[in-house]
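Visitor: I would like to take a close look at a single part of this model. Please go through it slowly, since I am new to reading structures.

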Amino acid sequence: MTDTAAPLVLFNSLTRALEPFAPVHPGEARVYSCGPTVYNYPHIGNMRAYVFADVLGRTLTWKGLKLTHVINITDVGHLTDDADAGEDKLEKAARANAQSIWDIARHYTQAYWADIAALNIRQPAHWSIATDYVPAMIEFAQSIADKHCYELPGGLYFDVSTVADYGRLARAATDEGEGRIEQVEGKRHQADFAIWRKTPAGETRQMEWDSPWGKGAPGWHLECSVMSGKLLGFPFDIHTGGIDHREIHHPNEIAQNQAFCCAGSLSDAANSGANVWMHNNFLVERSGKMSKSSGEFLRLQLLIDKGYHPLAYRLLCLQAHYRSELEFSWEGLGAALTRLKRMVMAVSQLRERAGEGVAAADWAQHPKVAPLLARFDAAISEDLNTAVALTVLDEVIALKKIDAGVKLAAITALDDVLGLGLAHLTRTDLRLRPVAATIDEAEIAAIVDQRAAARADKDFSLSDALRDRLAEQGVEAMDGDPLGWDWRLG
Ligand code: AMP
Ligand code: ZN
């Protein structure tokens, strides 16, 4: 048996405290993660949110729990302002690109899924698509309308004073100071929000549905309440999202869940719909390239095009705690790539040496492995301390005088939690090779070989000439590189 005995402790944003994790359904963990709004490509900051949710899911699996993870795809309802103002992001993108909303949503959903795969993020049990749940959203809204909502010309509004402790997650007061929540005439409280947005008279939207409150579209917050409740049942275990969602989106989801479940105060977290609310902090970039509105922004594909393997970005995320802000830099990404290379090279050598797989009982109890395994378990169980878990993995990789099969089995088990896929990566996968480079790798390999032969013959003038030929193609020969790379693109 693998030692996974440390109690799992998670930081609950609702209580702002570390709490031991106690599943609602023994032996299970049910997790909902707010998914992307598919009006544009995700930036790498968005993907940090899913790397975090993935590590959480993998940790719950490591703890022996049966995981049910849901991520939604928001293809309707998310306005250009998180609160209650602006227009639907997808309607706007469709107009700007003269395309149908459905085409826009399909294209960017596919792009998001490609990033999910490239980052080794495991598939959730369900990808719930918001537009598939509109009838369920109308039903949900009907069930709370009488007690908790009122109608205005713009649609059906949720009255936040009808539930206990509104805004506790954000630690925000109900009725004051929130200047960025746009005033809508007739709203009873500034924080009240639309759960159904009527199509204004004389307009048609590409996406609209009939409802008891007129033709229109659901509010963004309603979607997540409905999909999480339907697929996981209230209360479920953990709700995740980026830290921005702690301010408006999640407090509004919580208010709806309370109304729907006829529940009381948030002093009992279960009344919020989920026992634990977890938020990853932001990835930041000083020059503003994270903003999707600024021309070339930081997409995963940009990193790949510049020659960085996407899993170097995953490693960069894991090196920081998910609750800390993480500053992106190309130097930092380069350092993560080098660290990943070292790991991959060590694992490749082990793979060559190791024979048949070693049974779990053998490797986990090995006297050199067992204490490291316990330390890894303690780190990951302490609110997902991936930075420390990674250093323990490094220590396992560095173990000396130990059977290669045992070591490989241990590394693979720890990597199942971190998700770097070390067992499948090769040195050449990681080579820095910008997509724009027009080089012939076979030709370069041939010159590198000729040059090695020249150096062995002490024919330094030939060796230098060959080095210059490489340099003409933008290729730098890397003599004596500790990682064993023969060359890289300059
Ligand atoms: P969106 O597509 O805008 O709904 O965002 C998808 C996810 O990314 C949400 O969980 C956001 O909270 C999260 N997010 C947005 N920006 C960042 C960022 N810079 N760093 C980390 N997470 C982010
Ligand atoms: Zn959501």
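How much space lies in the second largest pocket, and which residues lie nearest its centre?

Guide: Please keep in mind that this is a predicted model. The space that lies in the second largest pocket comes to about 290 Å³, and its lining is made up of 16 residues, with Arg-342, Ala-346, Gln-349, Ile-397 and Lys-407 lying nearest the centre. Two elements give two or more residues to this lining, namely helix H9 (330-353) and helix H12 (386-397), and of the elements it is H9 that gives the most, with eight residues. If you sort the lining of this pocket by the character of its residues, you find eight that are nonpolar, one that is polar and seven that are charged.

From the pocket we can follow helix H9, which spans 330-353, to the residue that carries the number 330, and look at the rings there. A pair of aromatic rings is described by the distance of the centres and the angle of the planes. The ring centres of Phe-328 and Trp-330 are 5.2 Å apart and the planes stand at 80°, which is over 60 degrees, so this pair counts as edge-to-face. Phe-328 has a relative accessible area of 4% and is therefore buried, whereas Trp-330, at 27% relative accessibility, is counted as partly exposed. Trp-330 also has a charged partner, for the charged end of Lys-306 sits over its ring, 5.2 Å from the centre.

Conventions. Residues numbered from 1 in each chain as written. Chains lettered and ligands numbered in written order. Predicted model: local features only at pLDDT ≥ 70, side-chain atom pairs only at ≥ 80, totals over all residues. Heavy atoms only, no water. 1 Å grid on protein atoms, 1.4 Å probe; cavity = no way out; pocket = protein on both sides within 12 Å on 5 of 7 lines; lining within 4 Å. Points joined across faces, edges and corners; volume = space filled by probe spheres on them. Helix = DSSP H or I, 4+ residues; strand = E, 2+ residues; numbered from the N terminus. Nonpolar A, V, L, I, M, F, W, Y, C, P; charged D, E, K, R; others polar. Phe/Tyr/Trp six-rings, centres within 6.5 Å; stacked < 30°, edge-to-face > 60°. Buried < 20%, exposed > 50% of the residue type's maximum accessible area, 1.4 Å probe, protein only. Lys NZ or Arg CZ within 6 Å of the ring centre and 35° of its normal.
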